[in-house]
Amino acid sequence: MADTIKTVPRFVQGNSTILAIKPMWEDMDAKGGKSTEAADLTKVSDMSVSVVTTFGKRYPMDYNLIDDNTFSIDLVGLPVGSYGLEVKCVDNGGLKRRYYAA
């Protein structure tokens, strides 16, 4: 199961670029119906945030919770390149979640 973020903006190397991200959980039932709800980040565990190169190299990032379903990361210090964003965690029901933006 993958939850998605639609876009990751481009940034200039050396500039401090802070992204504020509001993840949404997307679930599908047995009949193919989808439901979407805002993630409650105060109830997740084992959360990790990485930016990923097109070749699969991961750069773990520190994050700050802004509110119950928004976190921010500072992209300063990354080499020039194109990146995706990957976030992994376990929700309050014990379900492993992974969401990404290409």
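A nonpolar core is a set of buried Ala, Val, Leu, Ile, Met, Phe, Trp, Tyr and Cys residues joined through side-chain atoms within 4.5 Å. Keep that in mind for Exercise 2. The model is predicted.

**Exercise 1. The overall build**

Task: State how many helices and strands the protein has, and how confident the prediction is.

Solution.
- Step 1. Count the elements. The protein has zero helices and ten strands. Along the sequence the pattern reads β-β-β-β-β-β-β-β-β-β.
- Step 2. Check the confidence. The average pLDDT of the protein is 81, and 83% of the residues score at least 70.
- Step 3. Find the extremes. Confidence is lowest in strand 1 (residues 3-4), with a mean of 50. Confidence is highest in strand 6, at 93.
- Step 4. Look at burial and surface. Of the 102 residues, 35% are buried. The protein exposes about 6600 Å², and carbon and sulfur atoms supply 52% of that area.
- Step 5. Look at contact range. Take the contacts between residues at least 6 apart in sequence: 59% of them join residues at least 24 apart.

**Exercise 2. The nonpolar core**

Task: Describe the largest nonpolar core and say which strands supply it.

Solution.
- Step 1. Size it up. The largest nonpolar core has 20 residues. Met47, Val49, Phe71, Ile73 and Leu85 have the most contacts inside it.
- Step 2. Trace the suppliers. At least two core residues come from each of strand 2 (18-21), strand 5, strand 8 (70-74), strand 9 and strand 10.
- Step 3. Pick the main supplier. Strand 9 gives the largest share of this core, four residues.
- Step 4. Zoom in on Ile73. Leave aside neighbours within four places in sequence. Ile73 then contacts Thr17, Ile18, Leu19, Ile21, Val49, Met61, Asp62, Tyr63 and Leu85.
- Step 5. Recall a general tendency. In soluble globular proteins, nonpolar side chains tend to be buried together.

**Exercise 3. Strand 9 and its partners**

Task: Decide whether strand 9 is largely enclosed or open, and find the strands it pairs with.

Solution.
- Step 1. Judge the burial. Seven of the eight residues of strand 9 are buried, so the rest of the structure largely encloses this strand.
- Step 2. Take one partner. Strand 5 and strand 9 run antiparallel and are joined by seven bridges. Here Ser48 stands opposite Lys88.
- Step 3. Take another partner. Strand 10 (residues 96-101) also runs antiparallel to strand 9, with six bridges between them. The bridge partner of Lys88 in strand 10 is Arg98.
- Step 4. Inspect the turn. Strand 9 and strand 10 form a hairpin with five residues between them. Gly94 in that turn has a positive phi of about 85°.

**Exercise 4. Salt bridges**

Task: How many salt bridges does the whole structure hold, and which residues are linked in a network?

Solution.
- Step 1. Count. The whole structure has four salt bridges.
- Step 2. Start with Arg58 and Glu86. Their closest N and O atoms are 2.9 Å apart. Arg58 lies in strand 6 (residues 58-61) and Glu86 in strand 9 (residues 83-90), so this pair ties together parts 28 residues apart in sequence.
- Step 3. Compare burial. Arg58 is partly exposed because its relative accessibility is 41%, while Glu86 is buried at 6%. The cut-off for buried is under 20%.
- Step 4. Extend the link. Arg58, Glu86 and Arg98 form a network of salt bridges.
- Step 5. Add Arg97 and Asp91. Their side chains meet at 3.2 Å, N to O. Arg97 and Asp91 are both buried.
- Step 6. Add Asp40 and Lys43. This salt bridge spans 3.8 Å, N to O. Asp40 is partly exposed at 26%, and Lys43 is partly exposed at 48%.

**Exercise 5. Two residues up close**

Task: Place Ser50 and Lys43, and list their contacts beyond four places in sequence.

Solution.
- Step 1. Place Ser50. It sits in strand 5 (residues 45-53).
- Step 2. Judge Ser50. Its relative accessibility is 10%, so Ser50 counts as buried.
- Step 3. List its contacts. Ser50 touches Arg58, Tyr59, Pro60, Met61, Gly84, Leu85 and Glu86.
- Step 4. Place Lys43. It is in the loop between strand 4 (34-38) and strand 5.
- Step 5. List its contacts. Lys43 touches Val90, Asp91 and Asn92.
- Step 6. Set sequence against space. Lys43 and Asn92 are 49 residues apart in sequence. Their C-alpha atoms are 5.4 Å apart in space.

Terms used
Residues numbered from 1 in each chain as written. Predicted model: local features only at pLDDT ≥ 70, side-chain atom pairs only at ≥ 80, totals over all residues. Heavy atoms only, no water. Buried < 20%, exposed > 50% of the residue type's maximum accessible area, 1.4 Å probe, protein only. Contact = heavy atoms within 4.5 Å. Pairing = 2+ DSSP bridges. Areas by Shrake-Rupley, 256 points an atom, 1.4 Å probe, with all protein chains shown as cover. pLDDT = per-residue confidence, 0-100.
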